[in-house]
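Colleague: I would like a close look at a single part of this model, the salt bridges and the helices around them. Please take me through that part in one go, with the confidence values up front.

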Amino acid sequence: MININENIRYLRKKKGWTQDKFSKIIGIKRSLIGAYEEGRAYPRLNNLLKITDVFGISLDNILTKDVKKMPED
């Protein structure tokens, strides 16, 4: 089963961003990024759309695919 938390963590680290930097980019608290990545919380739709926009990934892909296994452009 695909875990959105793993996809978010992978994509953030691939950019070389800290949780703090990423949280500032999408305009939420750093602690919320931590909660998403640890699977303690799931992003609301508005935050999920910000995340997909920043990473240039579709909503479908971040929710249903293992992004580590997706081909890179």
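Modeller: This is a predicted model, with an average pLDDT of 94 over the protein and a score of at least 70 for 96% of the residues. Among the elements, the mean pLDDT is lowest in H5, at 95, and highest in H2, at 98.

I begin with the charged side chains. The count of salt bridges comes to four, and I go through three pairs here. Arg9 and Glu37 form one of them, with an N to O distance of 3.9 Å. This pair links distant parts of the chain, since Arg9 belongs to helix H1 and Glu37 to helix H3, 28 residues apart. The two partners differ in exposure: Arg9 has a relative accessibility of 27% and therefore counts as partly exposed, whereas Glu37 has a relative accessible area of 2% and is buried.

Glu37 also meets the side chain of Arg12 in a salt bridge, at 2.5 Å from N to O. Here too distant parts of the chain are linked, with Arg12 in helix H1 and Glu37 in helix H3, 25 residues apart. In this pair Arg12 and Glu37 are both buried. For Arg12 the relative accessibility is 7%, which is under the 20% cut-off, so the residue counts as buried. Taken together, Arg9, Arg12 and Glu37 are linked in a network of salt bridges.

A further salt bridge joins the side chains of Glu38 and Arg40, at 2.7 Å from N to O. Glu38, at 52% relative accessibility, counts as exposed because the cut-off is 50%. Arg40 is exposed as well, with a relative accessible area of 58%.

Back to Arg12 and its surroundings. Neighbours within four places in sequence aside, Arg12 is in contact with Trp17, Thr18, Gln19, Phe22, Glu37 and Phe55. Of these contacts, Phe55 leads on to helix H4, which spans residues 45-55 and has Asn47, Leu48, Ile51, Thr52 and Phe55 as its buried residues. These buried residues lie on the same side of H4, because they cover an arc of only 135° around the axis. The spacing fits a general rule: an α-helix has 3.6 residues a turn, so residues three or four places apart point the same way. On the other side of H4, Leu45 and Asp53 are exposed.

The buried residues of H4 have several packing partners: helix H1 (4-15), helix H2 (19-26), helix H3 (30-37) and helix H5 (59-64). H1 and H3, the helices joined by the bridge between Arg12 and Glu37, are thus both among the partners of these H4 residues. Just after H4, the backbone at Gly56 takes a positive phi of about 65°.

The end of H4 also brings in the largest pocket, which holds about 340 Å³ of space. The pocket is lined by 15 residues, and the closest to its centre are Leu11, Lys14, Phe55, Gly56 and Ile57. H1 supplies the largest share of this lining, with four residues. Phe55 therefore appears in three places: as a buried residue of H4, as a contact of Arg12, and among the residues closest to the centre of the largest pocket.

Notes. Residues are numbered from 1 along each chain as its sequence is written. This is a predicted model: local features need pLDDT of at least 70, side-chain atom pairs count only at pLDDT 80 or more; totals for chains, interfaces and linings use all residues. Side-chain values use heavy atoms; hydrogens and water are left out. Buried means under 20% relative accessible area, exposed over 50%, partly exposed in between (1.4 Å probe, protein chains only). Helices (H or I, at least four residues) and strands (E, at least two) are DSSP runs, numbered from the N terminus. The arc is that of the directions from the helix axis to the C-beta atoms. Contact means heavy atoms within 4.5 Å. pLDDT is the predictor's confidence in each residue, from 0 to 100. On a 1 Å grid over the protein atoms alone, a cavity is a set of points where a 1.4 Å probe fits but cannot get out, and a pocket is an open set with protein on both sides within 12 Å along at least five of seven lines; lining residues have an atom within 4 Å of a point. Grid points are joined across faces, edges and corners, and a volume is the space filled by probe spheres set on the points.
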